[in-house]
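Work through the exercises below with the sequence and the model open. Each task is followed by a solution in steps.

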Amino acid sequence: MSAIVIFRFVLYYMVSFLSASPICLLAAENMPRAGIGRSEITNHHIFYRQDKRAPLTSIEIVFLGAGRNQERPSQMGLAETTAWLIKEYAKTHGYLDQLSALGTRLNVITSTRYQRIAIPTLSENCGKSVEIVRDIIHNLDFSESDLKKVKKLKLADYENDIRRRTHTFMRNFALAQTRGIKKLNSLKTLKDLSLEDVRQYYARLLKTDVVFFKVISDLDSTQVAELLLPITETRQRGGFEHSLKFPTADYSINPSAFVYTNYSRLKSVFCHWLIPFGSIGGEDHIPTLISYTLSHYPGLLHHYLREEWGLAYSLYCRTRLSGDIRYLDIYADPQLQNSEELIVKMSDFIRGLSDNPRFWEALKERREILKVSDVHNQTPQRSLDREINRAIYNTPIHKGSYDSITDDEVRAFLEKFFVPENMIMIFVGPKDHIIDILNKHLPEVDIRVHDVKELIE
């Protein structure tokens with residue numbers, strides 16, 4: 001079977017964990033469950049599961065403490081630019097060809113609090129692949145020509161992102177303006193990034209205090225530990241403080257509406273209501289239950305917006321993450337002639353949810369559905385991700401399934417977060433039409449008009 005065919009297999013991860021290896025291999029069920037401090041996540045922990053259904057090994061090297069949190073405001077995009085440069089170096093020096101011949105891919109992924117190097121590969125070639133990646137990590141020599149090329153590629157990518165991920169950028173921008181997180185992209189800072197910025201960032205990344213490994217493999221724990229020795233034995237310690245947080249400030253918590261121009265000819269209005277409810281690592285059972293109650297067919301939004309009101313077709317409620325901020329995103333796309341009625345009714349619906357008897361009836365029904373489906377959704381991959389998040393962020397543990405969540409807990413959540421001062425609205429459509437609706441029906445809202453180009457400038 002060819003490498004290409006094998007990589008098209010979907011990897012499902014088994015529930016069982018194996019015991020610890022000589023270099024701190026951790027079975028997730030043996031992880032400390034409560035009160036674990038971030039400083040306790042020392043170097044070279046290996047979060048591991050065995051899956052014998054395919055001869056594949058997936059390794060992620062996680063540099064905890066690198067990522068976007070390490071960027072100064074004038075360096076926005078530095079971590080991702082460095083990630084692109086690592087791939088560019090690997091390509092121009094023949095490393096990617098070597099890995100490809102072994103059935104191995106190389107991905108460098110940037111997140112808020114960490115940088116990851118992912119190596120999915122054929123298990124029989126895992127050892128050689130790890131050695132090649134070790135050589136990439138330690139032999140990197142960034143050049144001005146590579147930086148110039150990557151900047152050009154990223155400038156084009158920013159423009160494509162505006163078209164492909166417009167609503168993602170709009171949500172991020174609104175949260176950046178009201179909750180102090182960082183924008184995803186900035187053309188200005190990208191152009192100003194220097195080779196010295198990149199080299200300093202990468203030097204700090206190599207000295208990250210905490211590096212751990214996430215491994216899914218058909219190989220046993222001893223083999224995995226031995227295969228990683230080329231990286232674990234040579235890595236230096238000391239550098240980043242991995243528990244850095246975003247700076248705190250008193251950001252606006254007034255109800256806000258972001259209206260984006262450049263859309264005067266649209267025949268529909270695209271509407272988002274964002275409801276921030278905490279930071280990454282928090283308990284997520286309650287917002288997930290609310291999201292499922294509102295959105296999943298036949299959710300409450302479907303009953304109201306489609307069946308009773310007939311105001312919109314596309315709609316959803318989803319939990320999302322931007323930077324360190326977690327929020328609910330409620331979306332609808334009414335046609336222009338229905339937009340005024342929908343905006344008013346949706347705003348009232350959200351604010352009055354805790355007093356809506358139909359919500360509580362739907363919530364009860366959704367609990368019963370999730371009680372059954374949650375058993376089947378406990379995939380090994382999700383379980384492993386939860387263990388890692390718990391280790392990094394000290395995520396609280398919810399005892400029981402969704403059916404253990406009480407009405408009082410849900411009501412307390414709604415009364416705390418589903419309030420006007422915590423509501424961020426985004427509207428895409430004819431500017432004057434939207435502003436007239438807001439001034440007429442929601443005069444307390446702070447209206448902010450922006451050009452779409454600002455999302456990446």
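A residue counts as buried when its relative accessible area is under 20%, and as exposed when that area is over 50%. The model used here is predicted. By this cut-off, 54% of the 457 residues of the chain are buried.

**Exercise 1. The chain as a whole**

Task: State how many helices and strands the chain has, and what share of the contacts with a separation of 6 or more comes from residues 24 or more positions apart.

Solution.
Step 1. A count of the elements gives 17 helices and 12 strands.
Step 2. Take the contacts between residues with a separation of 6 or more; 82% of them join residues 24 or more positions apart.

**Exercise 2. The sheet**

Task: Give the order of the strands in the six-stranded open sheet, and explain why one side of E9 and of E12 has no neighbour there.

Solution.
Step 1. The strand order is E9-E10-E8-E11-E7-E12, and the pairing is mixed.
Step 2. Strand E9 (315-322) and strand E12 (446-450) are at the edges; each has a single partner strand, so one side of each remains without a neighbour in the sheet.
Step 3. On average, neighbouring strands of this sheet are turned by 20° against each other, direction ignored.

**Exercise 3. Pairing within the sheet**

Task: For the pairs E7 with E11, E8 with E11 and E8 with E10, decide between parallel and antiparallel and name residues that stand opposite each other.

Solution.
Step 1. Recall that strands of a sheet pair through backbone hydrogen bonds, in either a parallel or an antiparallel sense.
Step 2. Strand E7 (residues 256-260) runs parallel to strand E11 (residues 424-428), with five bridges between them. Ser 256 faces Ile 424 in E11, and Tyr 260 faces Val 428 in E11.
Step 3. E8 and E11 are antiparallel, again with five bridges. Here Cys 271 is opposite Phe 427 in E11, while Leu 274 has Ile 424 as its bridge partner in E11.
Step 4. E8 and E10 are also antiparallel, with eight bridges. Ile 275 stands opposite Leu 328 in E10.

**Exercise 4. Cover on E8 and E11**

Task: Determine how many residues of E8 and of E11 are buried, and sort those of E11 by face.

Solution.
Step 1. In E8, seven of the 10 residues are buried, which makes the strand mostly covered.
Step 2. In E11, five of five residues are buried.
Step 3. In a regular strand, side chains alternate between the two faces of the sheet.
Step 4. Ile 424, Ile 426 and Val 428 lie on one side of E11, and Met 425 and Phe 427 on the other; both faces are covered.
Step 5. Helix H13 (residues 339-351) lies across strand E8 (270-279), strand E10 (325-332) and E11, at about 20° to E8.

**Exercise 5. Two helix pairs**

Task: Describe the packing of H2 with H5 and of H13 with H17, including the residues that meet.

Solution.
Step 1. Two packed helices are described by the angle between their axes and the distance between the axes.
Step 2. For helix H2 (residues 78-92) and helix H5 (residues 144-164), the angle is about 120° and the axes are 10 Å apart. The pair is therefore oblique, and H2 and H5 cross in a right-handed sense.
Step 3. The H2 side of the contact consists of Glu 80, Thr 81, Trp 84, Leu 85, Glu 88 and Thr 92; the H5 side has Asp 146, Leu 147, Lys 149, Val 150, Leu 153, Lys 154 and Asp 157. By class, the residues of this contact are five nonpolar, two polar and six charged.
Step 4. For H13 and helix H17 (residues 431-441), the angle is about 45° and the axes are 10 Å apart. H13 and H17 are therefore oblique as well, and their crossing is right-handed.
Step 5. Ser 339, Glu 340, Ile 343 and Val 344 of H13 meet His 433, Ile 437, Lys 440 and His 441 of H17. The contact of H13 with H17 has three nonpolar, three polar and two charged residues.

**Exercise 6. A loop histidine**

Task: Locate His 44 and decide whether His 44 is buried or exposed.

Solution.
Step 1. His 44 is in the loop between strand E1 (25-26) and strand E2 (46-50).
Step 2. Its relative accessible area is 8%, so His 44 is buried.
Step 3. From His 44 to Ile 61 the C-alpha to C-alpha distance is 9.4 Å, with their positions 17 residues apart in sequence numbering.

Key: Residues numbered from 1 in each chain as written. Predicted model: local features only at pLDDT ≥ 70, side-chain atom pairs only at ≥ 80, totals over all residues. Heavy atoms only, no water. Pairing = 2+ DSSP bridges. Helix = DSSP H or I, 4+ residues; strand = E, 2+ residues; numbered from the N terminus. Axes fitted to C-alpha atoms, helices over the stretch in contact; angles between N-to-C directions. Contact = heavy atoms within 4.5 Å. Parallel < 35°, antiparallel > 145°, perpendicular 65-115°, else oblique. Left-handed = near helix turned anticlockwise from the far one by under 90°. Nonpolar A, V, L, I, M, F, W, Y, C, P; charged D, E, K, R; others polar. Buried < 20%, exposed > 50% of the residue type's maximum accessible area, 1.4 Å probe, protein only.
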